[in-house]
Amino acid sequence: MPSQEHAELTFSSRTVSAKLIDPAGLLIERAVEIRTNPLTGRTCRIAFSRTKEKEAGTDALPPPPPDAGDTSNCPFCRPQVMSQTPRLNPDLAGENRLSCNDSLLFPNLFPYGSYSAVSLFNDDHFVEIGKASHSSYTDSFLNCRRYLARVREQDPQAVYMAITQNHLPSAGGSLIHPHLQINADSVAANHHRFLLERANDYYQHSGDYLLSSYLGHETNDGSRYIGSTGSWQWVAAFAPEGFFEVWGILPGATSMQQPEKPDWEDLVQGVLNVQHFYRSLNRNGYNLGLLSVEAPASRLELRLVIMARSNYAPWVRSDHTGFEVMLGDMTTFVAPEQTAQWARPFFGG
Ligand SMILES: [Zn+2]
């Protein structure tokens, strides 16, 4: 990126059209909007001709998964969770597992990095989208924060941190028992590396924080602004890379250790509001993620990203087709401004 662009946030879009003869013999044009993500420069597409297309398996909220009642074979259910899950390295914690009320945190038996852990909500084995209790979700996040504080103390090099969630197998979840996943490593993931560089470059050239500036633009524009929960501000992503993608930004906070308990409660309220919105669309799967780079020089602010995934139901298609996988452009069917309009009532707007 040329240096003069370091301090710029550009919300650019262009529309192309496809001309074809429809089955009735009429010449028609189909518009496709191509938007560029102001943070990453990645392009995405919005195929408006598919807006009204009924996605298979979304006529109603799909029934619970077949193993929704099978607690005896679940390694995350009590009492077997204590014998079937691993224990923390004693260098990291005096306890075998971390607790926050009914939330239990332990290492991931199949790690993705140096510090890879699982934080259960509680002993409830299956919870439908939007139905998790506010307190269990908050406890799980607070448990993650506590684990990440231990990591920061124990291994100051492991600055690349993330809390993520896969809800249902269609979103990548292997166990339906509700849990958050935590990762910390000294090696940056692609999004950590790119976003840190972009946020720090932007700060160096403008003196402003990248995500705060992004939010300032979106608040002024208003068309994608959804609402707030405490200090968290919620917007539909300008250039989405997932269906109904929503961002929650906590301006000025660059570390997971900065938000206090009420801030985590506010975050959970926003997450549940978005899930109520997804539920209204009969969507049952989602991913969410919150990233940070825990270094004093990081200007990357906290941003939770949440998106609906393909429904978990028989013979539903994946939302990543050959186009996304091979060309690298996500194609969604609904304008982000429409997403914001549909989401606002769930934030009291
Ligand atoms: Zn379970």
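**The zinc site**

Start with the residues that bind the zinc ion: along the sequence, its donors follow the spacing C-x2-C-x47-H-x51-H. The model on screen is a predicted one. Select C74, C77, H125 and H177, and show their side chains together with the zinc ion. The two cysteines reach the metal through SG and the two histidines through ND1. Distances from these atoms to the zinc ion run from 2.0 to 2.4 Å.

Next, look at the arrangement of the four donor atoms around the metal. The angles among them are 101 to 119°, and the site is tetrahedral. For comparison, the ideal angle for four tetrahedral donors is 109.5 degrees. Add a surface and look for the two cysteines: C74 and C77 are both buried.

**Strand 11 and its partners**

Now select residues 243-250, which make up strand 11. How many of its eight residues are buried? The count is eight of eight, and the strand is mostly covered.

Keep strand 11 in view and add residues 232-236, which are strand 10. These two strands run antiparallel and are joined by four bridges. To see one pairing, pick Q233, whose bridge partner in strand 11 is I249. Follow the chain from strand 10 to strand 11, and you pass through a hairpin connection of six residues.

Then add strand 13, residues 302-309. Strand 13 also pairs with strand 11 in the antiparallel sense, here over six bridges. Select V246 and I306 to see a pairing: I306, in strand 13, stands opposite V246. While stepping along any of these strands, bear in mind that side chains in a regular strand alternate between the two faces of the sheet.

**Salt bridges around R224**

The structure holds 15 salt bridges. Begin with R224 and show the side chains of E218 and D221 with it. R224 meets E218 in a salt bridge with an N to O distance of 2.6 Å. R224 also meets D221 in a salt bridge, at 3.9 Å from N to O.

Is E218 buried or exposed? With a relative accessibility of 1%, E218 is buried. R224 is buried as well, at 5% relative accessible area. D221 is partly exposed, because its relative accessible area is 42%.

**A salt bridge in helix 5**

Move to helix 5, residues 261-280, and select K261 and E265. These two residues are four apart in the helix, about one turn. A salt bridge links them, with 4.0 Å between the closest N and O atoms. Both ends are partly exposed: E265 has a relative accessible area of 29%, and K261 has a relative accessibility of 44%.

To finish with charged pairs, select E33, R35, E218, D221, R224 and E337 together. Salt bridges with shared partners join these residues into one network.

**A nonpolar patch on the surface**

For the last stop, turn on the surface and select V325, M326 and L327. Together they form a nonpolar surface patch with about 360 Å² of accessible area. V325 lies in helix 6, which covers residues 322-327. Why does V325 count as exposed? Its relative accessible area is 53%, and exposed means over 50%.

Conventions: Residues are numbered from 1 along each chain as its sequence is written. This is a predicted model: local features need pLDDT of at least 70, side-chain atom pairs count only at pLDDT 80 or more; totals for chains, interfaces and linings use all residues. Side-chain values use heavy atoms; hydrogens and water are left out. Donors are N, O and S atoms within 2.8 Å of the metal (3.2 Å for Na, K and Ca); water is not among the atoms, so sites may look incomplete. Four donors count as tetrahedral if all angles lie between 85 and 135 degrees; four count as square planar and six as octahedral if opposite donors are over 155 degrees apart and all others between 65 and 115; anything else is irregular. Buried means under 20% relative accessible area, exposed over 50%, partly exposed in between (1.4 Å probe, protein chains only). Patches are made of residues with over 30% relative accessible area and no salt bridge: like charges are joined within 9 Å, nonpolar side chains (Val, Leu, Ile, Met, Phe, Trp, Tyr) within 5 Å. Accessible areas come from the Shrake-Rupley method with a 1.4 Å probe; for residues, only the protein chains shown count as cover. Two strands pair if DSSP finds at least two bridges between them.
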